[in-house]
Amino acid sequence: MCGIIGYTGPLQAKDVLLNGLSQLEYRGYDSAGIAFFESGQNVRVVKTTGKVARLKELCSSITEEIHCGIGHTRWATHGGVTVENAHPHQAGRVTLIHNGIIENYHQLTADFHLEGTLISQTDSEVAARVLDQIYDHDPISSIRRLVPLLEGSYGFCILFSDHPGEIYAVRNVSPLVAAYTHSGSLIASDLTALIPYTRKYAVVPENQIVKLTPYRMEFYQMDGTPASPEILEVNWDTDAAMKNGYPHFMLKEIHEQPEALKKTILPRLTKGLPDFGDDGIPDSLFQTCSQIRIVACGTAMHAGMVARAVMEPLLKIPVLVSVASEFRYEDPLVNDQTLTIVISQSGETIDTLAALRLAKELGSKVLSVVNVKGSTIARESDYVLYTHAGPEIAVASTKAYSVQLAALYMITCRMACVRGKMTDQEAASFMEDLLDVIPAMEEMLDQAETIKTIVRPLIDKPDAFFIGRNLDYAFSLEGALKLKEISYIHADAYAAGELKHGTIALIADQVPVIALATQDRIFSKMISNVREVKARGAYVILITKKEADVDPELADVRIRIPDLHDRFTVFPIAVVLQLIAYYASLLKGLDVDQPRNLAKSVTVE
Ligand code: M6R
């Protein structure tokens, strides 16, 4: 989604803004622009459709010293991809950039008689024009009067032409982080744009106004009284957000998984058992609940699907998984006996946040599994179990998925102990099995080149099917998502037993079927399903454990994963499925890290 950067200080602001926008490219965007104080009270805007590289070209003739400005990458919501719709938007004395959606922009257009004055089709320009109309030369008081007029989500950074050198910001839902450094003040939609300058930052609280000058950052409550931000420290270094010799962030992040798992699991082991004491998560949270609701989007939701299949049989209580964007409309049966587990890499996904808020309203305690420290979901949850994947830059989620799984498996194990469903000995053995997945993942990473060869025949195919039963079905969902989002091959996952109820009609000569058969207790049933697709001409890539005995005629290609306990095969399988998607995208010559139409952090509904 849209990326935001603002800077005021002694450095060349043009460079800070353009470099910041490059750091934010991974969020996904289709146009980019900057605005800056040129001389005195003159604010100049340069914007374009397409990549930040194009914006850099347009800005190359700017040679004068610039010390204050804002920059934006836009992911189109209201209005097409045009220069007019790109940000910043200017209206009289106001120049602003916006992340989010102003839902009542129609009403505002009517109330403030803006028909005929708008240059773009965006809700953001409406906000700029309203602010200009109510502007009284006092930015803070004007923003205070703007906020109650707005419905929707927003992170705004604003320049007022009569306040050179100053940047103002306010947000509702959409994230903003700010920092004061010896080289000036910065604000951004996420930390990756700030870390080249500082490790210390503040999350801008919702409905507070921030004023940045070269010498300080000031926070104000909506009643105008000053506020003190909490200063946080980044727990990863700049290197973590670089490619470090890999051709793509995605490949680097796939390879980082064993390390990320160690960082997530090992500090939480006491005598071989999961211990959340340092996370402040009490056992009482796990003791009394009578059901678990898991809520998340996309890959995080798929991690939830796997967790459900592991949790329910072990804990013997109902575990339901909901897509966060649907949760609110399901009238969910959630109450104070429910434990809601929210999963999010970014901690900013708006649908997941809305689901969290509803679950709390209904009386549930919320435990979130989040990667980004200090994110909104983390702050609003009752308890947080942070995953330690470090920054995930590629749009396609990889290492975040496996650490989410590790965290969820640890929660399951702790909960099973607390509820008397596992002895300490059984729990210790469960955790040993979990640690064994680390070398198993490394073994699959070593097979990357072989997987690349296997993928070649897939890249000209329009469709691919992923099939599996029980846990293998849950893994298939993620395999299909990964493949479609970065290779644009239409891919779907099916419970293998369900194929005969319709989908098998699509299986014809050489249609790729990626079949997962790693669950011992249903192995023979799964193999029967593979026979059914093979008999109809499918090109079968079969993934099994090493020990599995399979008729060589059954599969065109066989991938063998280490012989782990059924529950844990997801980890090496995740590596295989991620590599299949990666190489499909690479061999098709696509933009692996920034697939079309997608954004890393989905901050609009
Ligand atoms: O940041 P979140 O984990 O809340 O994001 C949820 C989804 O948008 C995300 O998992 C998405 O599906 C992946 N980027 C796909 O690879």
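Here is a chat about helix packing and a ligand site in a predicted model.

Modeller: Quick ground rules: local features need pLDDT of at least 70, side-chain atom pairs count only at pLDDT 80 or more, and totals for chains, interfaces and linings use all residues. Residues are numbered from 1 along each chain as its sequence is written, and side-chain values use heavy atoms, with hydrogens and water left out.

Biologist: Why are H7 and H14 called roughly antiparallel?

Modeller: Helix H7 (residues 257–265) and helix H14 (residues 424–445) pack at about 165°, with axes 9 Å apart. Angles under 35 degrees count as roughly parallel, over 145 as roughly antiparallel, 65 to 115 as roughly perpendicular and the rest as oblique. H7 and H14 are therefore roughly antiparallel.

Biologist: What are those axes and angles?

Modeller: Axes are lines fitted to C-alpha atoms, for helices over the stretch in contact, and angles run from 0 to 180 degrees between N-to-C directions. The helices themselves are DSSP runs (H or I, at least four residues), numbered from the N terminus.

Biologist: Which residues in H7 meet H14?

Modeller: Gln 257, Pro 258, Leu 261, Lys 262 and Ile 265 in H7 do, and their partners in H14 include Met 431 and Leu 434. Contact here means heavy atoms within 4.5 Å.

Biologist: What makes H16 and H18 roughly parallel?

Modeller: The axes of H16 (residues 471–487) and H18 come within 8 Å and cross at roughly 20°. Set that against the under 35 degrees cut-off, and H16 and H18 are therefore roughly parallel to each other.

Biologist: And how do H13 and H18 cross?

Modeller: The axes of H13 (residues 399–418) and H18 (residues 570–587) come within 10 Å and cross at roughly 165°. That makes H13 roughly antiparallel to H18. Among the residues that meet are Tyr 401 in H13 and Phe 571 in H18.

Biologist: Which residues are the closest to the ligand?

Modeller: 14 residues surround the ligand, and the closest are Ser 344, Gln 345, Ser 346, Thr 349 and Glu 485. A residue is near a molecule if one of its heavy atoms lies within 4 Å of it.

Biologist: What makes the pair between Lys 482 and the ligand a polar contact?

Modeller: A polar contact with the ligand is a pair of N or O atoms within 3.5 Å. A polar side-chain atom of Lys 482 lies 2.9 Å from an oxygen atom of the ligand, so this pair fits the cut-off. Lys 482 is also one of the H16 residues that meet H18.

Note on methods:
Helices (H or I, at least four residues) and strands (E, at least two) are DSSP runs, numbered from the N terminus. A polar contact is a pair of N or O atoms within 3.5 Å; within protein, one must be able to donate a hydrogen and the other to accept it, and residues adjacent in sequence count only if both atoms are side-chain atoms.
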